Every structure is written in C-alpha cells, then in structure tokens.
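Let's take a friendly walk through a protein model together. Have a look at the chain first, and then we will go from the overall picture to a few individual residues.

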Amino acid sequence: MKKFALLLLLASAQSAFAGYGSMTIGEYASLPDCGGTIKVTESSNGYSDQVNVVFNNVVNCSNFDIVGLPNYKMVKLGGADRARSGSFTIPKRAIGEGFNSIQVIIRSNSNKTNDIINVQFINVTVPSTPVVIPTSGGSY
C-alpha cells in the first residue's frame with residue numbers, strides 16, 4: 001500500500017508578495033492587490049490526501065481560478081462585498097508526482113486587479129509498511 005505525502009519546500013511562516021509570488025504547504029500571505037489573505041494547507045481524510053487553499057477578507061477581488069483544474073474556472077468567492085472568503089480543495093488526483101506546482105489566480109470582475117500565486121510542493125509515494133529483503137542465511 002502506498003501513502004501520499006506532501007513535503008514542505010520552504011520554512012518561512014509568512015510571506016508577502018507584490019501581485020505575484022510563490023508559496024508552499026503551511027504558508028499564508030497577504031494579497032497585495034486584492035487585499036485579504038491566502039493560506040495553503042494539507043489535510044488527510046483516510047486515503048484522501050488533499051491541498052486546501054483558503055482566502056479570507058478579500059477586498060478588491062471576487063473571482064478565483066486554479067489554472068488547469070476544470071472545476072475551478074473563475075469561481076466566485078463567497079461573503080459580503082469587500083470581505084470575501086472561501087475554502088477550496090485540490091484533490092490528490094489533480095496533483096502530479098514529484099516536484100510540481102499549481103497556479104492560483106484571484107482577480108476583480110473588471111480584470112484590472114489580480115494576484116497570482118504559484119503553490120509549490122513535492123508529491124511522493126511512501127510505502128506504508130517497510131520492505132523486507134529476505135536473506136539466504138549466509139554471511140557477508
């Protein structure tokens with residue numbers, strides 16, 4: 001049996017960027033153009049490991065897209081105007097093996113304001129039980 005694991009690439013607790021930046025699992029950042037924050041976490045529900053993208057208190061933007069995932073083509077953030085939020089799940093099947101990333105875009109209705117975030121991570125499979133190598137009983 002294989003276990004899915006997302007490994008931390010960067011060790012910083014908080015980061016900020018000017019309209020475009022990179023993050024990894026466990027980080028949160030301010031959205032300089034759209035206002036508010038974004039946080040990227042991982043969670044596991046039995047065999048269903050996933051990445052979660054959470055927006056809070058977004059002021060200037062209301063549309064959100066995870067580039068390359070058909071279920072997230074310019075989804076509207078919930079909440080009141082100038083205080084939008086939302087939590088979105090990226091399932092294991094949408095994450096490639098090895099080092100990879102997803103691109104998250106959040107923008108205004110007019111497309112004049114936006115922030116672009118690359119979320120980087122490593123997806124590796126780890127055996128759930130140790131591999132036993134039988135010996136023939138001889139000495140080395």
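How many helices and how many strands does the secondary structure of the protein chain come to? The model you see is a predicted one, and its protein chain has 0 helices and 12 strands. Reading from the N terminus, you therefore meet one β after another: β-β-β-β-β-β-β-β-β-β-β-β.

Now step back and look at the whole chain. It has 140 residues, and 36% of them count as buried. The accessible surface of the protein chain comes to about 8,000 Å², and carbon and sulfur atoms account for 53% of that surface. Contacts also reach across the sequence: among those between residues at least 6 apart, 53% join residues at least 24 apart.

Next, let's look inside. In soluble globular proteins, nonpolar side chains tend to be buried together. Here, the largest nonpolar core holds 26 residues, and Ile 38, Phe 55, Phe 64 and Val 104 are the ones that touch the most other members. The elements giving two or more residues to this core are β5 (37–45), β6 (48–58), β7 (63–66), β10, β11 (98–107) and β12 (114–127). Which element gives the most to this core? That is β6, with 4 residues.

Take Ile 38 as an example from the core. Leaving aside neighbours within four places in sequence, Ile 38 is in contact with a list of residues that includes Met 23, Tyr 28, Leu 31, Phe 55, Val 104 and Ile 117. Two of the names in that list, Phe 55 and Val 104, appeared a moment ago among the residues that touch the most other core members.

Finally, let's visit a charged residue. Arg 84 sits in strand β10, which covers residues 83–91. Is Arg 84 buried or exposed? Its relative accessible area is 19%, so Arg 84 counts as buried, because the cut-off for buried is under 20%. Not counting residues up to four places away in sequence, Arg 84 touches Asn 56, Asn 57, Val 58, Cys 61, Ser 62, Leu 77, Gly 78 and Gly 79. With Gly 79 there is a specific link: the side chain of Arg 84 reaches the backbone oxygen of Gly 79 at 3.0 Å.

Side chains of opposite charge can pair when their charged atoms come close. The side chains of Arg 84 and Asp 81 meet in a salt bridge, at 3.9 Å from N to O, and the count of salt bridges comes to 1. Whereas Arg 84 is buried, Asp 81 is exposed, with a relative accessible area of 59%.

Note on methods: Residues numbered from 1 in each chain as written. Predicted model: local features only at pLDDT ≥ 70, side-chain atom pairs only at ≥ 80, totals over all residues. Heavy atoms only, no water. Buried < 20%, exposed > 50% of the residue type's maximum accessible area, 1.4 Å probe, protein only. Polar contact = N/O pair within 3.5 Å; in protein donor to acceptor, adjacent residues only side chain to side chain. Contact = heavy atoms within 4.5 Å. Areas by Shrake-Rupley, 256 points an atom, 1.4 Å probe, with all protein chains shown as cover. Salt bridge = Lys/Arg side-chain N within 4 Å of Asp/Glu carboxyl O. Core = buried A, V, L, I, M, F, W, Y, C linked by side-chain atoms within 4.5 Å.
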